[in-house]
Structure formats: structure tokens, C-alpha cells
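This report considers the cysteines, one helix and one strand of the structure shown below.

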Amino acid sequence: MNTGFGYFATHDAVRPDTLARLVEQRGHEALLFTEHTHIPVPPGGEPPKDAQGGELPRRYWHTYDPFVASMAAGAATTRLRVGTGICLVPEHEPIGLAKTVASVDDLTGGRFEFGVGAGWNREEMRNHGTDPARRFALMRERVQAMREIWTRDEAEFHGEFVSFDPIWSWPKPAQRPHPPILVGGVGPRVFDRVLEYGDAWLPNYGPGVLERIPELFRRAEEAGRRVEVVMLAVPADPAALERCEAAGVSRVMAWLPSAGYDRVQREMDAFETALADAHGE
């Protein structure tokens, strides 16, 4: 079971390149960056809310672009895998997004991982011209169209939301056929999306999530597919880490705070101590 971290890379916290060097030096496999292009200002002076109705932390509207952060992290390291955790695909035009993903993957020597999701902030989606009710169908077509661009010399796609005649677009990704697609979310249809166009499931650790993994593996086997589970938001708890390993999780990833260097190191220390305890070291 490999290890890594998720991070809200903000302009007032540890820089992506600095953090990436530290994560690589400590022997972890990956660093994934979140995405929110903006957070709409709530009416009436109310604080913004998260998906569960709690107050939204300010880091959500102070993040760097995750592809710029990934490129900075990749340029500062030689082995570390970098990527999005997650990219809000319904907020991007697919031909341009395909170019961005391929560029970062090529420039990092094939170390990019494309975590994708449809998002939860409906007003944020609407500001990008996306109907929240159709966001999953839109994400599906955009990912399918990007796969065509990455894998064909002359790519063509015609769907309900995305349509273009044959195009040329280089560079192609360094990884073949394309960077791994990690599908976020825990909704009732998430496994349909993982099996249709994903290479891994990327949920947040929480109640009932580990118990769903056998169903995913069973369905993947029936479909002749091999998929992995990459678990975000894993706590620094030896028992939780042991449960992840027993369930077949390929990589556990803890969230790091958007904070200064000392605090980030303390959080990494706590996670590494829990890992050592889980393995009896």
C-alpha cells in the first residue's frame, strides 16, 4: 500500500514546489491538488457553506490552479507523482483541458494523475455555464472526448454536449494510453463511472466507504477490468490504515493543512507515525 497527500495549495501556505520536494524526500508516492476556480459570494452577507451545510473554509477560494501547482511540483521533483484531487471537469472546455493534461504529463515525464469529479457547488457550476442537473452526463462526454484526443492522431467526437470534427492536437501524454483517471465521489452511481472511463476510485475516507470496495472489485472482474482504490482523507490512525490495507486500497492519502512549513511537517509526522504503528515498526 503506497502513501501520499492531498493539498489545498493556497498562495498563503507552503508552496507546491516546496511541499513536493518534502513529500518526495520523505518517500511518499504522490501529491494531489484540489480545484475550485472561485467560490460565489452568498447573498445577504451569509458565510459560504460546504456540501453538508457547514461553514466553508477560506482555502476554497484561495487555491492555485491545480495544473499549475502540479507542474510546479513535478518540476521540483524527479519521482513524485502529481495530479488533481480533483479536477472539476464540468468547469472546463474539453479540447483545452486535454491539451493541459497532456502537456503536464509530458513535461513531468509521465507522472501526472487525473483525478476527476463533477463538483457539488451548484452556483460555481452555473457561473461556468453548466446545468448542475446534467453535470455527470457532461463530465462523461468530456472525459470520453479527451481520451479520443489523447489516443488518436486525428481525433473526432460527436455527442450531446461535445462535438468536433477531426482535429490534430499534440503533445500526446507520456503515459499510454493516457494518464490514469481517478474518479472521485461516493454517490450511488460512482462505480458505473469508474468502470466506464476510470482507472481507479478516489473517494474520501468515511463511514461505509471501505465496505463498498468488494462490490467494486467484483464488478470490475465481471467486466474484465482492473481498477484500484486510492483513498483520500485517511486519518493518522493506525486502525484506519490497517482497515484500508485489508480492504485492498492501493494508496492511502492524508490531507495536509494549508499552513506554514512547521505545521505541515507536524501533520506529516503524525501520519508517518501512524503508518509505522500500523506496520508494527
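A disulfide is counted here as a pair of cysteine sulfur atoms within 2.5 Å. In this predicted model, the count by that rule comes to 0 disulfides. Two of the cysteines may be described further: C87 is buried, and C244 is buried as well. Their values are tabulated below, together with that of S70.

| Residue | Relative accessible area | Class |
|---|---|---|
| C87 | 0% | buried |
| C244 | 0% | buried |
| S70 | 0% | buried |

**Helix 2**

S70 belongs to helix 2, which spans residues 66–75. Within this helix the buried residues are P66, F67, A69, S70, A73 and G74. Viewed down the axis of helix 2, these buried residues fall within an arc of 155 degrees, so they line one face of the helix. As background, an α-helix has 3.6 residues a turn, so residues three or four places apart point the same way. V68 and A75, on the other side of helix 2, are exposed.

Which elements cover the buried residues of helix 2? The cover includes helix 1 (16–25), helix 3 (94–107) and three strands, namely strand 2 (30–33), strand 3 (81–88) and strand 4 (112–117). For S70 itself, contacts are made with F33, V82, G83, V104 and F112, leaving aside residues up to four places away in sequence. S70 and T108 are separated by 38 residues in sequence, and their C-alpha atoms are 9.0 Å apart in space.

At the N-terminal end, helix 2 is capped by D65. A side-chain oxygen of D65 lies 2.8 Å from the backbone nitrogen of F67.

**Strand 7 and its neighbours**

Strand 7 comprises residues 181–184, and all of them are buried. I181 and V183 point one way from the strand, whereas L182 and G184 point the other way.

Strand 4, which is part of the cover of helix 2, runs parallel to strand 7 and is joined to it by 3 bridges. In this pairing V116 stands opposite V183. Strand 7 also pairs in the parallel sense with strand 8 (residues 200–202), again over 3 bridges. There, V183 stands opposite W201. V183 is thus a residue that stands opposite both V116 and W201.

How are strand 7 and strand 8 connected, and what is the handedness of the unit they make with helix 6? Together with helix 6 (residues 190–197), the two strands make a right-handed β-α-β unit.

Definitions and conventions
Residues numbered from 1 in each chain as written. Predicted model: local features only at pLDDT ≥ 70, side-chain atom pairs only at ≥ 80, totals over all residues. Heavy atoms only, no water. Buried < 20%, exposed > 50% of the residue type's maximum accessible area, 1.4 Å probe, protein only. Helix = DSSP H or I, 4+ residues; strand = E, 2+ residues; numbered from the N terminus. Arc of directions from axis to C-beta. Contact = heavy atoms within 4.5 Å. Polar contact = N/O pair within 3.5 Å; in protein donor to acceptor, adjacent residues only side chain to side chain. Pairing = 2+ DSSP bridges. Right-handed = clockwise from strand over helix to strand, strands pointing away.
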